[in-house]
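User: Hi! I have a structure open and would like to understand the reasoning behind some of the labels used for it. Could you walk me through them?

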Amino acid sequence: MPSSEKFPYRLLTPGPVPLFPQVQKALAEPMIHHRTPEFQKIYARVAQGLKEVFCTKNDVFIHTSTGSGSMESAIVNTLSPGDKIISIVSGKFGERWAQIASAFGINVVPIQVPWGHALDPKDLDIALTKNSDCKAVLVQACETSTATINPIKKIAEIIHHRPTLLIVDGITAVGAMELPMDDWGIDVLIGGSQKAFMLPTGLSFISLSEKAWQFNKISKCPKYYWDLASEKLALSKGESQFSSAVSIIRALDVVLPLMTGPNKSKMYSRINALAMATRAAGEALTLSVFSKCPSPSVTALSVPTQLDSQKLRSNIESKYNLTLMGGQDSLKGKILRIGHLGYITDEHLLASIEILYLALKDHGVSSLSERHLNEALALAKKHLKEYPLVEPETSSAL
Ligand SMILES: *Cc1c(COP(=O)(O)O)cnc(C)c1O
């Protein structure tokens, strides 16, 4: 990465996300063994904290994997080859989940949703009536590739009285927005460390409802490393089945106080304020919000048709030292994605808005002037003002 005083390296993607200094410090601590009373104390504390973040009375398990590992775990722990499921495909991650299910011989009935739109719950109701033997519905709470949220509460209401599981990918949602697992009746919920949990890549989280555990008893998908029934046994003794990722779990212990108790709603508000600030600033710079149902955790901005967002993002990276994301597949070249998760100070976002302005000018958007930039910055500041960054207590991190 090039570095300069004016443009220190900045990361502003939906995952991985910038790390709090206190998290970086925790990650640098000397190693301890995972089968020690010292670590077991931390493990018990994070197990409790995770339940609070998921809003569940059931266990939340930690997989040493990226989010996709928990997507696979959700399937192999509840389903059997030959089962029929409905998969909501509203973007790249929906496609991936359908592929994982297919790899295990599951009969996938996709509901294709135009990218940038949310699922219309009526379409699900119709599909479930047509496919009454459907065992599960897979859906992203936030489809990160299009920066769009799906109406999980309404989806849950449709599924609740049916013999069907609601399996939700909350990787950019759990910890970033309201998604109470037990209250809404979500049967399997997953989260990911490098997204809303504000940690390095390497952990994912998964919880199963009572109903999902009933499915687990008869599930015939092959599993060994992902076997949650044996993980449950280990957790009941305060342990993990395999070696724990000690460093990341100690860092998790630093961020959980930000995601629970009175900080929880402050965190949601801060993330939402970053999203509102980004949308308003983007529009002031003549870009438009791509999603019809925009997410608080990530914003997709459409670039003017004469521009290629891939070139724009790579020039932003090489010239201004800021990493944003572009679009994938049909959205390649068309959108820029900006994340709102992790250690994002006001200065971090405001500097990124200024960089976006400079880069758009570099790319020949000559209609932009200092007036647009000032308006973008003023709007962003207004949104951020009431919702300051929520930070770890330094004392607990030291
Ligand atoms: C990031 C992400 C994933 C998982 O990606 P990994 O690279 O395996 O961590 C899955 N679903 C969504 C919605 C995501 O944002």
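User: Where does Ala 147 lie, and what makes its phi stand out?

Analyst: Happy to help, and note that this is a predicted model. Ala 147 sits in the loop between strand E6 (142-143) and strand E7 (148-149). Its phi is positive, about 60°, although Ala 147 is not a glycine. Most residues other than glycine have a negative phi, so a positive one is worth pointing out.

User: How do you know that the peptide bond between Gly 15 and Pro 16 is cis?

Analyst: Look at omega: for the bond that joins Gly 15 and Pro 16 it is about 5°, and the bond is cis. Most peptide bonds are trans. Pro 16 belongs to the loop between strand E1 (10-11) and helix H1 (21-27).

User: Which residues are closest to the ligand, and what makes a residue count as near?

Analyst: A residue is near if one of its heavy atoms lies within 4 Å of the molecule. The ligand is surrounded by 14 residues, the closest being Thr 66, Ser 68, Thr 144, Asp 169 and Lys 195. By class, this shell has four nonpolar, seven polar and three charged residues. Helix H3 (67-76) and helix H4 (92-103) each supply at least two of its residues, and H3 gives the largest share, three residues.

User: Why do the pairs that Lys 195 and Gln 194 form with the ligand count as polar contacts?

Analyst: The cut-off for a pair of N or O atoms is 3.5 Å. A side-chain N or O atom of Lys 195 is 2.7 Å from an oxygen atom of the ligand, and for Gln 194 the corresponding distance is 2.9 Å. Both values lie within 3.5 Å, so both pairs qualify. For Arg 96, a polar side-chain atom lies 3.5 Å from an oxygen atom of the ligand. As for cover, the ligand taken alone exposes 380 Å², and the protein buries 89% of that.

User: Why is the ligand said to sit in a pocket?

Analyst: The test is that more than half of its atoms lie within 2 Å of the grid points of the pocket. The space the ligand takes is the second largest pocket. That pocket holds about 280 Å³ of space. It is lined by 20 residues, and the closest to its centre are Gly 15, Phe 93, Arg 96, Gln 194 and Lys 195. H3 and H4 are the elements that give two or more residues to this lining. By class, the lining has six nonpolar, nine polar and five charged residues.

User: What makes a space a cavity, and how many cavities are counted here?

Analyst: In a cavity a 1.4 Å probe fits but cannot get out, whereas a pocket is open. Counting those of 30 Å³ or more gives five cavities. The largest has about 110 Å³ of space. Its lining has 13 residues, with Ile 62, Thr 64, Glu 231, Ser 240 and Ser 243 closest to the centre. That lining divides into six nonpolar, six polar and one charged residue.

User: How do you know that the lining of the second largest cavity has no charged residues?

Analyst: Asp, Glu, Lys and Arg count as charged. The class count for this lining is nine nonpolar, three polar and no charged residues. Among the lining residues are Leu 12, Thr 278, Gly 282, Ile 338 and Ser 352. This cavity has about 80 Å³ of space, and H13 provides the largest share of its lining, four residues.

How values were computed:
Residues numbered from 1 in each chain as written. Predicted model: local features only at pLDDT ≥ 70, side-chain atom pairs only at ≥ 80, totals over all residues. Heavy atoms only, no water. Polar contact = N/O pair within 3.5 Å; in protein donor to acceptor, adjacent residues only side chain to side chain. Areas by Shrake-Rupley, 256 points an atom, 1.4 Å probe, with all protein chains shown as cover. 1 Å grid on protein atoms, 1.4 Å probe; cavity = no way out; pocket = protein on both sides within 12 Å on 5 of 7 lines; lining within 4 Å. Points joined across faces, edges and corners; volume = space filled by probe spheres on them.
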